[in-house]
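Q: I'm new to this, so could you take me slowly through how the pieces of this chain are packed against each other? Please stay with the helices, strands and ring-bearing side chains.

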Amino acid sequence: STSNKETNRMAAQTDGKLRLEDLTDDEWEEMLKAEETYPYYQSLPPQEKEEKLLKYIAGLRAEKQSQKAIESYFEAMKKFEPKDRELYDLKKWKFDDRFLKLMEYMKKDELKEKIPEPLEEVLDGVFRFPMLEEKFAIRLLDEVAYFQEWCKKTCKHIVRPNSMNNYGAILDHFGFKTALSDLVSSVIQPLAARLYRAEFAKKYGLDSHHGFLVEYETGKDTNLNFHRDDSEITLNLCLGRNFQGGELYFGGVRCSRCNQIPPHKNEEKYVKHKIGFGLLHLGAHRHAATSIKNGVRQNLIIWCKSDGFRKNEHTENCPVWCGEHLCK
């Protein structure tokens, strides 16, 4: 009866378990289809089969709810109205004159210097260079702050950059995706193609990215644990503001197979951030952020990914570019 079904639903909500009585007509069809499609279910005892199939349906429910939440989030983001619209067009970005000269030089067919000024190789494979005018960097920070305040006023949830950072925002989600895609193709791709082994950028190209802002401040996120990025190439651009501490510690390039092997002494180095300066490194170059002592440090991070690299370069053996391989 209807009252019995309602009682069962209430009981399911109480103990968190899904029951046959809770299923919609569509879910019944999904369950019967799964039972027919997968012989595994048919071989189970009746009670165990019912439990497994209900768990399968519960998983489908969770996926649908998650998808609805994602769709709702992006629909909400469409309502955001930028304050400083110039920031969303890469052609309007204010780059440091030294950086513009560097990019022109790097376009040449043959380079007289492999690492021309103002490019500085602070550690093997880690390059630092002036990139943005400081005033423009502040404009970017103000826009992100404006977005976060808008989210707060409109009760919109802010999706954080990744599982390691509890503060900051994903710039791709509120209008910056095109500008950052252009930055990858016109700046990061040509730089990486010149500076790193061909398989990381030149051979397959960088075809996707994840762009976000991270924030470090006393009382919030103060540091970042030792890790590899989910990228082939990473740009780490310091935007400000005033801070002390928060250096990056680098500890060797590693393939996924050798990731847990500790760094060797000659692989370790602490690198200071400079406002308006970018750091370019391999995603496989392990690093950590040391604790900030005071102030606020905010960085724009772009993880650049290569589908071609991921499909063709991952092998069971340690690759030639792995630091552990090179140290043997």
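A: Let's start with helices H2 and H4, which sit oblique to each other because the angle between them is about 125°, and an angle between 115 and 145 degrees falls in the oblique class. Keep in mind that this is a predicted model. H2 covers residues 25-37 and H4 covers residues 46-77, and their axes are 10 Å apart. The crossing of these two helices is right-handed.

Now look at another helix pair, H5 and H7. H5 runs over residues 97-106, and its axis comes within 10 Å of the axis of H7, crossing at roughly 55°. H5 and H7 are therefore oblique to each other too. This time, though, H5 passes H7 in a left-handed crossing.

H7 also brings us to the aromatic rings. Searching the whole structure turns up 23 aromatic pairs. Take Phe147 and Phe174: the ring centres are 3.8 Å apart and the planes are at 5°, so this pair is stacked. Phe147 belongs to helix H6 (residues 134-153), while Phe174 lies in the loop between strand E3 (169-170) and helix H7 (177-195). That puts the two residues 27 apart, so to speak, and the pair links distant parts of the chain. Both Phe147 and Phe174 are buried.

A second pair looks quite unlike that: Phe212 and Trp303 meet edge-to-face, with 5.2 Å from centre to centre and 85° between the planes. Here Phe212 is in strand E4 (residues 208-217) and Trp303 is in strand E12 (residues 292-305), 91 residues apart, so to say, which again links distant parts of the chain. Phe212 counts as buried because its relative accessibility is 2%, and Trp303 counts as buried because its value is 9%. The cut-off for buried is under 20%.

Back to Phe147 and Phe174 for a moment: they share one aromatic cluster with Phe80, Tyr88, Tyr146, Trp150 and Phe176.

Strand E4, the home of Phe212, deserves a closer look. Of its 10 residues, 8 are buried, so E4 is largely enclosed by the rest of the structure. E4 pairs with E12 in the antiparallel sense over 10 bridges, and Tyr216 stands opposite Arg297 in E12. E4 also pairs with E3, again in the antiparallel sense, over 2 bridges. In that pairing, Ala169 has Leu213 of E4 as its bridge partner.

Elsewhere you'll find an open sheet of 4 strands, in the order E5-E11-E8-E9, with antiparallel pairing. E5 (224-227) and E9 (268-271) stand at the edges, and each has a single partner strand, so one side of each is left without a neighbour in the sheet. From one strand to the next, the twist averages 20°. Zoom in on E8 (residues 248-253) and E9: they are joined by 4 bridges, in the antiparallel sense. One place to look is Phe250, whose bridge partner in E9 is Lys269.

Last stop: a charge over a ring. Lys274 lies over the face of Phe277, at 5.3 Å from the ring centre.

How values were computed. Residues are numbered from 1 along each chain as its sequence is written. This is a predicted model: local features need pLDDT of at least 70, side-chain atom pairs count only at pLDDT 80 or more; totals for chains, interfaces and linings use all residues. Side-chain values use heavy atoms; hydrogens and water are left out. Rings of Phe, Tyr and Trp (its six-membered ring) pair if their centres lie within 6.5 Å; planes under 30 degrees apart count as stacked, over 60 as edge-to-face and the rest as tilted. Buried means under 20% relative accessible area, exposed over 50%, partly exposed in between (1.4 Å probe, protein chains only). A charge sits over a ring if NZ of Lys or CZ of Arg is within 6 Å of the ring centre and within 35 degrees of the ring normal. Two strands pair if DSSP finds at least two bridges between them. Axes are lines fitted to C-alpha atoms, for helices over the stretch in contact, and angles run from 0 to 180 degrees between N-to-C directions. Angles under 35 degrees count as roughly parallel, over 145 as roughly antiparallel, 65 to 115 as roughly perpendicular and the rest as oblique. A crossing is left-handed if the near helix is turned anticlockwise from the far one by less than a right angle, and right-handed if clockwise.
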